[in-house]
Amino acid sequence: MTTKRDYYDVLGVGRSASADEIRRAYRRLARQYHPDVNKADDAEERFKEATEAYEVLSDDEQRAAYDRFGHAGLGGFNGAGPGDPFGFGRSPFSDIFETFFGGAAGRGPRAPMRGADLEATVELSFEEAVFGAEKDIELTRLEVCESCHGTRMRDGQEPPVCSVCGGTGEVRQVQQTILGQFMTASACANCHGEGRVISDPCPACRGAGRVPRRRTVSVTIPGGVDGDSTLRLSGQGEQMPGGTPGNLFVRIRVRPHQLFVRHGKQIHLEMPVNITQAALGAELEVPTVDGKVKLTLPGGTQSGQQFRLRGRGVPDLHHGARGDEIVTIRVLTPTDLTTEQRELLERLAGSLDQPDLHETQRRGFFDKIKDALGV
């Protein structure tokens with residue numbers, strides 16, 4: 001027969017631990033070993049063990065008996081154990097549902113609940129993503145009815161207590177078996193587990209306590225967001241009577257730009273030049289998100305060579321420092337030559353030496369090293 005571990009050791013608390021310390025310890029273990037979260041082989045057993053320990057130590061009478069006599073002192077508590085399946089005392093599974101499912105189960109009648117979260121998508125231009133923008137979001141959300149203030153009763157009256165369950169939201173029955181008396185609990189059919197009866201529903205919300213409202217929510221989008229960003233607007237979700245509102249999550253979508261491509265904080269641009277500009281050098285007007293800037297192209301520039309425009313990139317979301325714009329030169333070879341242009345190129349070709357393959361490869365290797373070093 002397996003020996004049970006000490007309940008205080010199971011929860012990791014001392015014997016003088018307060019009720020709050022026991023509760024916090026149990027919630028921590030429940031999050032860690034709940035079978036829906038932890039798939040380890042022993043997770044379910046650890047979860048049941050922690051639940052059993054909490055069931056005993058959270059009840060003053062059972063804890064006193066356990067402190068005096070250990071596990072043997074619990075024999076008189078019928079139905080004590082994991083989850084209190086027969087309805088004796090308060091079930092710790094209410095903590096599990098509150099932790100993992102936002103309080104959807106195990107909650108007492110009329111307990112305040114948190115409103116649902118909402119999602120919206122905002123599309124930005126490339127420049128708006130770089131510099132930030134103010135956007136208005138149109139949405140429909142459930143809000144507390146202004147006529148009944150969420151009570152669901154006409155003129156905001158307080159709903160009467162259910163006469164069947166006395167406001168507990170559940171009905172208990174005692175069954176006699178050969179093992180003794182067992183108690184079962186089920187949701188009250190008269191109030192559907194709420195503990196209150198909506199005897200005179202509010203005509204504005206039809207007894208729902210909430211009504212849909214069309215709202216415009218303004219959002220400030222900081223400069224530097226990208227297409228994977230999500231902003232959270234606290235309290236802009238749906239409302240629940242007596243509870244806290246949910247949040248609005250704004251997903252960012254950025255339209256592609258005709259010229260620019262973003263990589264982190266850098267903006268990349270391919271700049272076409274003709275062969276004479278590349279060979280002789282030129283003064284170029286290069287587009288940036290700030291407008292056109294001048295770039296001096298040195299003579300002998302090769303296709304694929306890159307130039308850095310410092311501070312013309314995307315700002316960092318945290319400290320605001322901007323990245324750079326990387327300009328990649330693409331030398332365009334002319335295709336439709338006039339007779340005069342062809343003659344000029346032929347004269348030029350006759351005066352140029354044939355490029356050396358090995359020298360070209362050697363220079364290309366050192367150019368890559370210089371590029372990597374930022375020289």
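Strands here are DSSP runs of at least two residues, numbered from the N terminus. The model is predicted, and the walk below takes one loop residue, two strand residues and one pair of helices in turn.

Ser229 sits in the loop that joins strand S5 (210–221) to strand S6 (230–233). Its relative accessible area is 13%. Buried means under 20%, so Ser229 is classed as buried. A polar atom of the Ser229 side chain lies 3.1 Å from the backbone nitrogen of Asp226. Beyond its neighbours within four places in sequence, Ser229 is in contact with Val250, Arg251 and Ile252.

Val273 belongs to strand S9, which covers residues 266–274. Its relative accessibility is 2%, and therefore Val273 also counts as buried. Setting aside residues up to four places away in sequence, Val273 touches Ala278, Leu284 and Leu297, together with Ile329, Arg330, Val331 and Leu332. One of these partners, Val331, is 58 residues from Val273 along the chain, yet the two C-alpha atoms are separated by 5.1 Å.

Gln266, a residue of strand S9 (residues 266–274), leads on to Arg308, which touches it. Arg308 is placed in strand S12, residues 306–309. In sequence, Arg308 and Gln266 are 42 residues apart; in space, their C-alpha atoms are 9.9 Å apart. When residues up to four places away in sequence are not counted, the contacts of Arg308 are Gln266, Asp324, Glu325 and Ile326. With Asp324 there is a polar contact between the two side chains, at 3.1 Å. Is Arg308 buried or exposed? Its relative accessibility is 42%, so Arg308 falls in between and counts as partly exposed.

The last stop is a pair of helices. Helix H2 (residues 19–33) packs against helix H3 (residues 43–57), with the axes 9 Å apart and at an angle of about 165°. Angles over 145 degrees count as roughly antiparallel, which means that H2 is roughly antiparallel to H3. The crossing of H2 past H3 is left-handed.

Which residues of H2 and H3 meet? From H2 come Ile22, Arg23, Tyr26, Leu29, Ala30 and Tyr33. From H3 come Ala43, Glu44, Arg46, Phe47, Ala50, Thr51, Tyr54 and Leu57. Sorted by class, this contact has 10 nonpolar residues, 1 polar residue and 3 charged residues.

Definitions and conventions:
Residues are numbered from 1 along each chain as its sequence is written. This is a predicted model: local features need pLDDT of at least 70, side-chain atom pairs count only at pLDDT 80 or more; totals for chains, interfaces and linings use all residues. Side-chain values use heavy atoms; hydrogens and water are left out. Helices (H or I, at least four residues) and strands (E, at least two) are DSSP runs, numbered from the N terminus. Buried means under 20% relative accessible area, exposed over 50%, partly exposed in between (1.4 Å probe, protein chains only). Contact means heavy atoms within 4.5 Å. A polar contact is a pair of N or O atoms within 3.5 Å; within protein, one must be able to donate a hydrogen and the other to accept it, and residues adjacent in sequence count only if both atoms are side-chain atoms. Axes are lines fitted to C-alpha atoms, for helices over the stretch in contact, and angles run from 0 to 180 degrees between N-to-C directions. Angles under 35 degrees count as roughly parallel, over 145 as roughly antiparallel, 65 to 115 as roughly perpendicular and the rest as oblique. A crossing is left-handed if the near helix is turned anticlockwise from the far one by less than a right angle, and right-handed if clockwise. Ala, Val, Leu, Ile, Met, Phe, Trp, Tyr, Cys and Pro count as nonpolar, Asp, Glu, Lys and Arg as charged, and the others, Gly among them, as polar.
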